[in-house]
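Biologist: Got a minute to walk me through this model? I'd like to start with the greasy inside.

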Amino acid sequence: MSDPSRRPRRPAKPYRRPQKDPVRVLAFEALRAVDERDAYANLVLPPLLRKAREKEGFDGRDAALATELVYGTLRRQGTYDAIIADCVDRPLREVDPPVLDVLSLGAHQLLGTRIPPHAAVSATVELARVVLGDGRAKFVNAVLRKIARHDLDGWLEQVAPPYDEDPEDHLAVVHSHPRWVVSALWDSLGGGRAGVEELLAADNERPEVTLVARPGRATAAELLESLEEEAAAPGRWSPYAVRLTEGGEPGAVEAVREGRAGVQDEGSQLVALALANAPLEGPDKAWLDGCAGPGGKAALLAGLAAERGAVLLASEKQPHRAGLVARALEGNPGPYQVIAADGTRPPWRPGSFDRVLMDVPCTGLGALRRRPEARWRRRPEDLDGFAPLQRALLRTALESVRVGGVVGYVTCSPHLAETRAVVDDVLKQHAGEAELLDARPLLPGVADLGEGPDVQLWPHLHGTDAMYLALLRRLA
């Protein structure tokens, strides 16, 4: 009998150096920045892509894939976490964050794209070898092979609790939102399951890029003409809006580079236009944007004010954001002023303005399409931090407008604690001094605006961020 110990060993496979895939490495670096530095993907990704174009020769397809990997992974993070947790033998919190980022990227390629499963696993394991090392790449390989056994629907049947047993938790896993956000959005929206599912699904869709033609500097028609070779269309609601229907790089648009146009969600345009068009008796010469950073609404209001011979004062507490406002307003055809000031301790005299916009700091739950990572950073207790500031700023707005003047209270959050609760509280405190106006007629053509008098826009109904607007007239 032969001695097994003396059998010749198979020759070891020669070591193969991992192959760097610049697209996936860039996506991983962006996710790490979001995780480690609390950065926002919409701020991190553009400079990474510019650098990659210069050094790696990225083309449009490379940039599109990297963008999809980053945003798709962030939007579906909650769903992928639930699936990965079912495939590992330890609590998810014990998985190193860089490893979890690689696993999430792989899960998105397997479950959220048309990349063939074998290619998704192979490319992600190769990424793991590059950024994590061979040892942890084996762990990544084993987990991804488990994930590849089912498609997304199959996994959701396995990891999401039944809707009948726990509706909010079911929706949280299926649509990748924290449970408390699902509950808050459902309360704000009202109605049954269909509406909230449509809203949550819309939050996970990539939004169109929308441009605004700044009055007195450009028109929507001029923008469309300059974009005749691009996939562009007029806005649905705003006469100043142009939609880039298949993405596109706004920085490549000449009018944007020159400041004659900007990137601005159509909902943001609509609330500014509603304030500008609210009926007013008496003088209409002095307008205020009391929380003006980063300057999109201020630039639109400044152009509209100039057309009527009015002057806009744009105030922003943070000096660096005030600088962004000044840059957005540069070239405005009429007079304006930008200052850095605390809106709760204003340097202007009471009753100085005819129109006041107060777009208050908030949780940003209305813009989860654009900042998907925000849903994982916000906590219910954040509402308590914003509440006193929101009320103080609305009180300042009412004190700053003259009797008969109009205030626009705006948030990019549909949470009832940041919208109607704030307005109701301030109106009670100032009983007889202000009244709510019906804002709906000031958004002509826009359907599904509810019972009023305030307005809540929705991604799934209007194709906009979930902007809230209440218009108030000062009576005394």
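Modeller: The largest nonpolar core has 55 residues, a core being buried Ala, Val, Leu, Ile, Met, Phe, Trp, Tyr and Cys residues joined through side-chain atoms within 4.5 Å. Val70, Ile83, Leu111, Val140 and Ile147 have the most contacts inside it. Buried means under 20% relative accessible area, exposed over 50%, partly exposed in between (1.4 Å probe, protein chains only).

Biologist: Which helix gives the most to this core?

Modeller: Helix H1, residues 22-37, with 9 residues. Helices (H or I, at least four residues) and strands (E, at least two) are DSSP runs, numbered from the N terminus.

Biologist: And what does leucine 111 touch?

Modeller: Leaving out residues up to four places away in sequence, Leu111 touches Tyr80, Ile83, Ile147, His150, Asp151, Leu152 and Trp155. Contact here is heavy atoms within 4.5 Å.

Biologist: Is this predicted, by the way, and what are the ground rules?

Modeller: This is a predicted model, where local features need pLDDT of at least 70 and side-chain atom pairs pLDDT 80 or more, while totals for chains, interfaces and linings use all residues. Residues are numbered from 1 along each chain as its sequence is written, and side-chain values use heavy atoms, without hydrogens and water.

Biologist: New topic: which residue does the "active site" annotation cover?

Modeller: Cys412, according to the unreviewed UniProt entry. UniProt positions follow the numbering used here, feature names are shortened, and annotations may be inferred rather than shown by experiment.

Biologist: Is cysteine 412 buried or exposed?

Modeller: Buried, at 17% relative accessible area. Cys412 sits in the loop between strand S9 (401-411) and helix H19 (420-429).
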